[in-house]
Structures are given as C-alpha cells and as structure tokens.
Amino acid sequence: MARSNKPVNPGAENALDRMKLEIATELGISDRVRSQGWSTMTSADCGRVGGHMVRRMIEQYESSMGGQTSTSSGSTTTSGTMTSGNMTSGNMTSGTMTSQYDINSK
C-alpha cells in the first residue's frame, strides 16, 4: 500500500492546520512559521509540533469516550485513561499514556 500525505478525512485538513499553528504558538515558534514557512523549520521543531498534535488528539478522543470501555490490540481505554494491556488490582494512573512518558513535561 502506497503512502499518501492526503488526510483520511479531507474536511479535517483545515482543522489540523489550525491545530498545528495553535501548537506552534504555544511552543513559541509561530512567528518563524508565519514568516518563513514550515519547510524552513527544523525536524526537531516539526516533530515537537506533531507530537503535541498527536497527544492532543488522543486526549480529545479519550475525553469523548466518557465512561465507555473499549479494548483494541492489547490496550484498554477506560474513563479517559489508557493502560498497556494489564491492570493490577484496579489501580490506574491519571493522565494519558503519552503524558506519563513525556520527557519534556518533567
């Protein structure tokens, strides 16, 4: 299967672009993006923006799940929290799985 840069939902492209610029603003790089464009940004900056986008999309999805529980490929999502496959004695950590391992937030 060939890779494509086209979004799965073409109607979401504008929303993703707005989110990308919003996150760039939060990271303090939006002025450079506006003046020079994304093609001049470092891969580290682009990766940082992409990582925050993914984290935010996961958080939005988890919050939309509400109290529902679904299981998919070894991950369990319960009440907005993801854990890897096993829950021990009902203890679950708060936050998303990505925020627990984010070295930038510590």
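Which helix is Gly51 found in? Gly51 turns up in helix 3, where helices (H or I, at least four residues) and strands (E, at least two) are DSSP runs numbered from the N terminus. The model is a predicted one, so to speak of local features takes a pLDDT of at least 70 and side-chain atom pairs count only at pLDDT 80 or more, while totals for chains, interfaces and linings use all residues. Residues are numbered from 1 along each chain as its sequence is written, and side-chain values use heavy atoms, with hydrogens and water left out.

As for the overall layout, the chain has four helices and three strands, and they run in the order α-α-α-β-β-β-α along the sequence. The chain has 106 residues, of which 20% count as buried; buried here is under 20% relative accessible area, exposed is over 50%, and partly exposed is in between (1.4 Å probe, protein chains only). About 7,700 Å² of the chain is exposed, with 52% of that supplied by carbon and sulfur atoms. Those areas come from the Shrake-Rupley method with a 1.4 Å probe, and for residues only the protein chains shown count as cover.

Back to Gly51: with 31% relative accessibility, this glycine counts as partly exposed. Its C-alpha atom is 10.0 Å from that of Ile23, and the two residues are 28 apart along the chain.

Arg32 belongs to helix 2, which covers residues 30–36. Arg32 is partly exposed too, at a relative accessible area of 36%. Setting aside neighbours within four places in sequence, Arg32 is in contact (heavy atoms within 4.5 Å) with Gly37, Met41 and Asp45. Across the chain, 29% of the contacts between residues at least 6 apart in sequence join residues at least 24 apart.

Then there is Lys20, which lies over the face of Trp38 at 5.3 Å from the ring centre. A charge sits over a ring if NZ of Lys or CZ of Arg is within 6 Å of the ring centre and within 35 degrees of the ring normal.

Lys20 also helps line the largest pocket, together with residues including Asn5, Leu16, Gly50 and Met57. Helix 1 (13–27) and helix 3 (43–65) are the elements that give two or more residues to that lining. A pocket, on a 1 Å grid over the protein atoms alone, is an open set of points where a 1.4 Å probe fits, with protein on both sides within 12 Å along at least five of seven lines; lining residues have an atom within 4 Å of a point.
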